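Visitor: I'd like a close look at one part, please: the place where two helices cross. Could you take me through the contact and then through what lies around that spot?

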Amino acid sequence: MFVKWLRENKVASGFMVIIRLYLGYEWLTAGWGKITGGFDASGFLKGAIGKATGEHPAVQSWWAQFLEGFALPNVDLFNFLVPWGEFLVGIALILGAFTTFAALMGAVMNFAFMFSGTTSTNPQMVLLTIFILVAGYNAGKWGLDRYIIPFIRNKMAKKQKVNHPQMKTA
């Protein structure tokens, strides 16, 4: 019942705008600060790897192995992806464009930060993001998704009709 309300109710859509704007602002400002202030993830990555030892490690060994074997050797890639990923997720959430995809990418980043042993606002952001993901299209209805999603659906339906003329569209 709650899921149906989140996915279909106009009031829920309004709440999603508030959540979207908050999360979008958080992502946008975090990304912009890294873009304009210079960003080097190597210290963060080395710190996370260091948290994988001891009696109660904050970072699981499998994640530390990923950081040490892939992320740290490719730190330049992460120095680009993290700031721009944060910034673009923020813009998309604020504008309500590709909302569920942007929210999903934000959640992936939040989980990566938490796997790396940081807490900060990441759990709170994941929790709020879950509401956006469950709401689906309704989360971006008061945004650019109101125009983008029907356009894409229309194009896909036309393409499907051309490729499969025997199929009827509903």
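Guide: Let's go straight to H5 and H6, whose axes come within 9 Å and cross at roughly 140°. An axis here is a line fitted to C-alpha atoms, for helices over the stretch in contact, and the angle runs from 0 to 180 degrees between N-to-C directions. The helices themselves are DSSP runs (H or I, at least four residues), numbered from the N terminus. The crossing of H5 and H6 is left-handed, a word used if the near helix is turned anticlockwise from the far one by less than a right angle.

Before we go on, a word on what you're looking at: this is a predicted model, in which local features need pLDDT of at least 70 and side-chain atom pairs count only at pLDDT 80 or more, while totals for chains, interfaces and linings use all residues. Residues are numbered from 1 along each chain as its sequence is written, and side-chain values use heavy atoms, with hydrogens and water left out.

Now, who touches whom? On the H5 side, the contact (heavy atoms within 4.5 Å) is made by Val82, Gly85, Glu86, Val89, Ala92 and Leu93. H6 brings Thr99, Ala102, Ala103, Met105, Gly106, Met109 and Phe113. Sort the residues of this contact and you get 9 nonpolar, 3 polar and 1 charged. For that sorting, Ala, Val, Leu, Ile, Met, Phe, Trp, Tyr, Cys and Pro count as nonpolar, Asp, Glu, Lys and Arg as charged, and the others, Gly among them, as polar.

Glu86 deserves a second look. Its side chain meets that of Lys34 in a salt bridge, 3.0 Å from N to O; the term asks for a side-chain nitrogen of Lys or Arg within 4 Å of a carboxyl oxygen of Asp or Glu. The pair links distant parts of the chain, with Glu86 in helix H5 (residues 75-95) and Lys34 in helix H2 (residues 10-37), 52 residues apart. Glu86 is buried, with a relative accessible area of 2%, whereas Lys34 counts as partly exposed at 22%. The cut-offs, using a 1.4 Å probe and protein chains only, are under 20% for buried, over 50% for exposed, and in between for partly exposed.

Next, follow Leu93 inwards. Along with Met16, Leu23, Trp27 and Ile132, Leu93 touches the most other members of the largest nonpolar core, which has 18 residues. Such a core is a set of buried Ala, Val, Leu, Ile, Met, Phe, Trp, Tyr and Cys residues joined through side-chain atoms within 4.5 Å. H2, H5, helix H6 (99-115) and helix H7 (122-135) each supply at least two residues of this core, and the largest share, 5 residues, comes from H2. In soluble globular proteins, nonpolar side chains tend to be buried together. Ile132 ties back to our crossing: among the residues that Ile132 touches are Leu93, Thr99 and Ala103.

Last, check the loop between H5 and H6, where you'll find Phe98. Phe98 has a positive phi of about 50° although it is not a glycine, and at 44% relative accessibility it counts as partly exposed. If you carry on to the loop between H6 and H7, you'll meet Ser120. Ser120 also isn't a glycine, yet has a positive phi of about 50°, and with 65% relative accessibility Ser120 counts as exposed.

How values were computed. Lists of a residue's contacts leave out its neighbours within four places in sequence.
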